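Colleague: Got a minute for the protein–DNA model? I'd like to go through the contacts.
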2 protein chains.
Amino acid sequence: MSPAAVVLTEERILDAAEDVLRRFGLAKATVVDVAKVLRVSHGSVYRHFPTKVALRDAVARRWLDRIIKPLDPSLDTAGPAAERLLRWLQRLAAIKQGMALEDPELFATFSQLTAEAREVVAAHVDHLAAQLTQIIADGIETGEFARTDAVTAGRAVLYATARFHHPLHAAEWADPAIHDDLTAVWKLLVNGLGTSP
Amino acid sequence: MSPAAVVLTEERILDAAEDVLRRFGLAKATVVDVAKVLRVSHGSVYRHFPTKVALRDAVARRWLDRIIKPLDPSLDTAGPAAERLLRWLQRLAAIKQGMALEDPELFATFSQLTAEAREVVAAHVDHLAAQLTQIIADGIETGEFARTDAVTAGRAVLYATARFHHPLHAAEWADPAIHDDLTAVWKLLVNGLGTSP
DNA sequence: TGGCTGACAATTATTGAAATCTGTCAGCTG
DNA sequence: CAGCTGACAGATTTCAATAATTGTCAGCCA
């Protein structure tokens with residue numbers, strides 16, 4: 001192997017950690033396992049991450065960032081803001097619900113992981129709310145929505161749709177009505193955004 | 001003791017079961033413990049409840065029914081429907097959040113208990129949605145809200161406010177912004193109800 | 001005779017000794 | 001000499017033997 005292929009980077013450690021989490025689950029994944037995948041002593045892992053918690057937080061951060069990326073509102077600016085909002089909400093719901101359906105065990109592992117990474121989740125929520133805020137601000141700009149505080153409205157929309165994207169509610173996603181339920185909530189919300197308070 | 005004081009009723013068993021849950025928590029509460037409180041053999045408890053799960057479901061049902069009672073919309077019909085809606089939501093949030101704050105351990109016990117009693121919870125959710133539907137129907141009647149399907153709207157409002165009353169979100173209730181967040185969501189929702197789709 | 005008891009089989013939980021894990025660091029090595 | 005190793009202390013987890021629990025039912029007794 002060339003030296004470059006062997007350099008121990010945070011990236012490689014995170015890949016290995018994800019691999020171990022996938023295979024063993026949160027409860028059984030150890031730092032020693034991660035090091036074993038990398039054919040390295042576990043002391044080397046501690047050279048890059050001060051504690052196991054820091055490593056787990058980093059895995060959670062990367063996972064959540066991957067969810068955020070395809071949602072960026074600047075990737076989908078066509079049509080009225082109300083419909084962009086629906087598409088955004090449906091996309092977020094589809095990402096989470098899709099993972100939960102495809103591989104429930106892996107989804108449960110990552111859900112637990114993030115639940116224990118409070119600060120990381122807070123940043124993720126801020127990021128999601130900011131994306132909603134952008135769509136709402138665009139809608140206000142074009143006169144489609146009434147003038148209001150877009151930041152507050154963004155957070156409110158995120159909170160009001162928690163049932164459809166928050167991992168805590170994963171058990172409820174088995175209900176086939178879940179898609180229509182989201183549409184019903186969206187209708188109320190965009191009507192609310194359309195009128196002056 | 002007079003015989004009447006000694007008759008083993010479902011009521012007395014539920015009281016004892018609640019007592020045991022309070023003291024030992026869900027994980028450690030056994031049917032033998034419940035029988036011990038009643039100074040009776042555990043076989044006698046099985047005369048009234050076919051399984052431990054049935055007993056737990058009954059405790060959950062009674063607990064949830066106690067939450068429902070003070071929320072009945074016919075107990076508070078003053079003022080515009082929008083404000084009745086806010087009061088109802090705030091009352092529900094206050095009941096749950098109050099329990100979670102006063103005795104987090106007990107709240108966690110009962111939350112787990114209900115989480116495992118899926119059918120009982122479904123009935124509870126139906127009941128809550130029906131109460132919201134009534135308030136919304138009243139609002140439509142008086143012309144305050146636009147004509148719409150009050151049943152769908154009732155469920156949508158309940159789902160949209162899940163963050164503020166669903167025990168899954170109890171950890172988020174420590175945030176002092178939670179009260180304002182509910183108000184923000186309510187504002188969006190009642191605006192949405194006020195306009196025709 | 002209706003309601004209760006208590007012994008019993010099968011399953012599930014507890015326990016404590018042994019094994020493993022986390023986090024550190026002195027020293028090795030390429 | 002920067003980066004890695006591997007032994008170590010203290011904390012946590014595993015595992016298998018032991019105990020308790022769930023659910024049943026034949027018989028007791030008021």
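Modeller: Sure. A polar contact here is a pair of N or O atoms within 3.5 Å; within protein, one must be able to donate a hydrogen and the other to accept it, and residues adjacent in sequence count only if both atoms are side-chain atoms. This is a predicted model, where local features need pLDDT of at least 70, side-chain atom pairs count only at pLDDT 80 or more, and totals for chains, interfaces and linings use all residues. Side-chain values use heavy atoms, without hydrogens and water.

Colleague: Which atom of DNA strand D does B:His42 reach with its side chain?
Modeller: A base oxygen, 3.1 Å from a polar side-chain atom of B:His42.

Colleague: And what touches phosphate on strand D?
Modeller: B:Tyr46, among others, with a polar side-chain atom 2.8 Å from a phosphate oxygen. A:Ser41 uses a backbone N or O atom, at 2.9 Å.

Colleague: How many residues surround strand D?
Modeller: 16, counting a residue as near if one of its heavy atoms lies within 4 Å. The largest share, five residues, comes from α4(A). Helices are DSSP runs (H or I, at least four residues), numbered from the N terminus.

Colleague: Switching to strand C. Which residues come nearest?
Modeller: A:His42, A:Tyr46, A:Lys52, B:Ser41 and B:Ser44. Sugar and phosphate make up 57% of the strand C atoms within 4 Å of the protein.

Colleague: What are the phosphate distances there?
Modeller: A polar side-chain atom of B:Ser44 sits 2.6 Å from a phosphate oxygen. For A:Lys52, a polar backbone atom is at 2.7 Å. The A:Tyr46 side chain has an N or O atom at 2.8 Å.

Colleague: Which helix gives the most on that side?
Modeller: α4(B), with five residues.

Notes:
Residues are numbered from 1 along each chain as its sequence is written. Chains are lettered from A and ligands numbered from 1 in the order in which they are written. Helices (H or I, at least four residues) and strands (E, at least two) are DSSP runs, numbered from the N terminus.
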